Amino acid sequence: MLPSEAEHQILLKTLTDVMGLQEIVDHLEIEELLWQTEKRTREVGPEIIARWQEPPGSEDIVESMEEDKDFVAPAKPTSNEE
């Protein structure tokens with residue numbers, strides 16, 4: 001059983017597109033109530049939403065220390081380092 005039709009479609013797409021299965025016998029059922037727990041159904045406050053929208057860290061070491069953010073190493077060198 002899966003919690004929603006969205007997860008069902010993700011699973012089917014993974015099986016066919018990623019794993020390359022040609023034929024699938026689908027006996028899955030959608031049962032939302034089995035997946036609902038207090039932890040999963042609690043309301044998300046604005047502070048959590050803001051964290052999702054902000055970048056998780058900073059590429060600037062000074063900024064990361066001053067604003068108590070995680071330091072994220074740059075993916076590629078800056079233009080003056082090349």
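A residue is called exposed when its relative accessible area is over 50%, and buried when that value is under 20%. These terms are applied below to a predicted model.

The description centres on helix α1, which comprises residues 5-18. Its 14 residues reach 19 Å from the first C-alpha to the last, close to the 20 Å expected at 1.5 Å a residue.

The buried residues of this helix are H8, L12 and L15. Viewed down the axis of α1, the buried residues fall within an arc of 65°, and therefore they line one face of the helix. The other side of α1 carries the exposed residues I10, K13 and V18.

One residue from each side may be considered in turn. H8, which is found in helix α1, counts as buried because its relative accessibility is 10%, and the cut-off for that class is under 20%. Setting aside residues up to four places away in sequence, H8 touches L2, D26, L28 and I30.

V18, which also lies in helix α1, counts as exposed because its relative accessibility is 66%, where the class requires over 50%. V18 further belongs to a nonpolar patch on the surface, formed together with M19, L21 and I24. The accessible area of these four residues together is about 380 Å².

The end of the helix leads into the backbone that comes after it. G20 follows α1 and has a positive phi, near 80°.

Technical notes: Residues numbered from 1 in each chain as written. Predicted model: local features only at pLDDT ≥ 70, side-chain atom pairs only at ≥ 80, totals over all residues. Heavy atoms only, no water. Helix = DSSP H or I, 4+ residues; strand = E, 2+ residues; numbered from the N terminus. Expected span 1.5 Å × (residues − 1). Buried < 20%, exposed > 50% of the residue type's maximum accessible area, 1.4 Å probe, protein only. Arc of directions from axis to C-beta. Patch = residues over 30% accessible without salt bridge, like charges linked within 9 Å, V, L, I, M, F, W, Y side chains within 5 Å. Areas by Shrake-Rupley, 256 points an atom, 1.4 Å probe, with all protein chains shown as cover. Salt bridge = Lys/Arg side-chain N within 4 Å of Asp/Glu carboxyl O. Contact = heavy atoms within 4.5 Å.
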